[in-house]
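I opened the notebook to record what I looked up in this model, entry by entry.

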Amino acid sequence: MCGIAGIINFHNHNLNDVKESLLHRGPDSQNIFIHNNIAFIHTRLAIQDVSYGQQPFHYKNFSIVFNGEIYNHLQLRLEYLKGSVFKTQSDTETLLHLYIKYKNKMFNMLDGMFAFAVLDKNQNKIILARDRAGKKPLYIYKNFSSVLFASELNSINTTVKDLTINEDAISSYLRTGFFYKKYTPYKEIEEVEAGCIYTIDIDSLKLTKERFFNFKEYYLKQSDQPLHASIKEVECILDKSVKDRLFSSDIEVGAFLSGGIDSGLIVAMASKYQKNLKTFTVKFDGAYDESSLARLVSKKYDTKHHEIEIKFDVKKDIEKILLNYGEPFMDSSAVPSYYVSQEAKKHVSVIL
């Protein structure tokens, strides 16, 4: 998890305040890059090419800030970027070279989670893009004189003081439990939609949107292969996904283990590729404690298991937990997730 932000016409905004608001996302390094009226900000959690993968990354007349992970980026170098000269082993550099060579055609090549911005000095524009599932967050604010994007609503809220509540979006959230598509609690801020590319003209601030992935098309797609073949295909995809996430990181990867089917399946697959996998379970007092089931899974797959006993101090912690999201969040799992993440961070920085 890294933090990215950028501002066109930044002179009325406090860049250091924006950078500080993203510090928790990127404790390993923090950088601000300025070109004319544009500022790019990056705070880094070092996962790939720990020594050399600094951002913003520059090549010729292009610069990029990137949050996420591209699992197939080394294969992409071999298949699509033969002859290119690379300075690092980072997926950030791969992304930038792909954009320079293939522009928006690059997105169908990517296997990963991402939110990134590319400054194209040749065409005087900025490209924002977000992955197919919208796993990596990205928000955008625009008024008549400036454009600001960031990984978190809190970062925009830090430097923009005249935001107004979007009551329609709040009403919809209270009915459904989530903010729909581009909508946020603020009228002036929208979330960059999943599977979309936003192009911003730096001079006019005109913004255009293009969709590179439509989930509905895949959801409605029919298959006539037999059930057993579909089961095998899903198993292969899941196994490859777990393996890719383990091996794409240059630092140790652990796993959350709740005792349920989902996390148990992931741990089973991960343990094939990583011995002494570190696993983490929240232990509750009362009927919802699944730690005994998690213990069974850990024993079967010989993981290095950690049980975290939680005694909720809601009065002390709830405001801090909720503020991390920057907007209302309906799922009560936010509370145990906070505590188990806090404990896991003592041992690893990447978790399945």
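**Entry 1. Asn 324**

I looked up the contacts of Asn 324 in this predicted model. Leaving out residues up to four places away in sequence, I found that Asn 324 touches Asn 154 and Tyr 338. I placed Asn 324 in the loop between helix 10 and helix 11. Its relative accessible area is 42%, so I noted Asn 324 as partly exposed. I also took a long-range distance: the C-alpha atoms of Asn 324 and Phe 86 are separated by 36 Å, with the two positions 238 residues apart along the chain counted as their sequence separation.

**Entry 2. Helix 10 against helix 11**

I then turned to the two helices that flank this loop. Helix 10 and helix 11 pack at an angle of about 95°, and their axes are 10 Å apart. The range for roughly perpendicular is 65 to 115 degrees, and helix 10 and helix 11 are therefore roughly perpendicular to each other. From helix 10 I listed Asp 317, Ile 318, Lys 320 and Ile 321 in the contact, and from helix 11 Ala 334, Val 335, Tyr 338 and Tyr 339. By class I noted 6 nonpolar, no polar and 2 charged residues in this contact.

**Entry 3. Burial in helix 11**

Which residues of helix 11 are buried? For helix 11, residues 334-344, I wrote down Ala 334, Val 335, Pro 336, Tyr 338, Tyr 339, Val 340 and Ala 344 as buried. These buried residues pack against helix 10 (314-323) and against four strands: strand 13 (253-256), strand 14 (278-283), strand 15 (304-309) and strand 16 (350-351).

**Entry 4. Helix 7 against helix 8**

I looked up a second helix pair. Helix 7 (residues 227-247) packs on helix 8 (residues 261-273) at an angle of about 60°, with the axes 9 Å apart. Helix 7 and helix 8 are therefore oblique to each other. I recorded the crossing of helix 7 past helix 8 as right-handed. On the helix 7 side the contact has Glu 235, Leu 238, Asp 239, Val 242, Lys 243, Leu 246 and Phe 247; on the helix 8 side it has Leu 265, Ile 266, Met 269, Ala 270, Lys 272 and Tyr 273. I sorted the contact by class and got 9 nonpolar, no polar and 4 charged residues.

**Entry 5. Nonpolar cores**

Which members of the largest nonpolar core touch the most other members? Among its 23 residues, I found these to be Phe 107, Leu 110, Phe 114 and Phe 116. At least two residues of this core come from each of strand 5 (62-70), helix 3 (91-102), strand 6 (112-120) and strand 7 (125-130). I followed Phe 116 further. Apart from neighbours within four places in sequence, Phe 116 is in contact with residues including Ile 4, Ile 64, Phe 66, Leu 95, Phe 107, Ile 127 and Leu 138. I also noted a second, separate core of 21 residues, which includes Ile 8, Leu 128, Cys 196 and Tyr 198.

**Entry 6. Leu 138**

Is Leu 138 buried or exposed? Its relative accessibility is 0%, so I entered Leu 138 as buried. Leu 138 lies in the loop between strand 7 and strand 8 (139-142). Beyond its neighbours within four places in sequence, its contacts include Ile 4, Phe 116, Leu 128, Phe 149, Glu 191 and Val 192. I checked Leu 174 as well: it is 36 residues from Leu 138 in sequence and 22 Å away in space, C-alpha to C-alpha.

**Entry 7. Leu 23**

I found Leu 23 in the loop between helix 1 (15-21) and strand 2 (29-35). With a relative accessible area of 34%, Leu 23 is partly exposed. Not counting residues up to four places away in sequence, Leu 23 touches Gln 30 and Thr 43.

**Entry 8. Backbone**

Most residues other than glycine have a negative phi, and most peptide bonds are trans. I looked for departures from this. Phi of Asn 124 is near 55°, a positive value; Asn 124 is in the loop between strand 6 and strand 7. At 28% relative accessibility, Asn 124 counts as partly exposed. Phi of Asn 276 is also positive, near 55°, and Asn 276 is in the loop between helix 8 and strand 14. The peptide bond from Gln 55 to Pro 56 is cis, with omega near -5°. I placed Pro 56 in the loop between strand 3 (38-44) and strand 4 (57-59).

How values were computed. Residues numbered from 1 in each chain as written. Predicted model: local features only at pLDDT ≥ 70, side-chain atom pairs only at ≥ 80, totals over all residues. Heavy atoms only, no water. Axes fitted to C-alpha atoms, helices over the stretch in contact; angles between N-to-C directions. Parallel < 35°, antiparallel > 145°, perpendicular 65-115°, else oblique. Left-handed = near helix turned anticlockwise from the far one by under 90°. Contact = heavy atoms within 4.5 Å. Nonpolar A, V, L, I, M, F, W, Y, C, P; charged D, E, K, R; others polar. Core = buried A, V, L, I, M, F, W, Y, C linked by side-chain atoms within 4.5 Å. Buried < 20%, exposed > 50% of the residue type's maximum accessible area, 1.4 Å probe, protein only.
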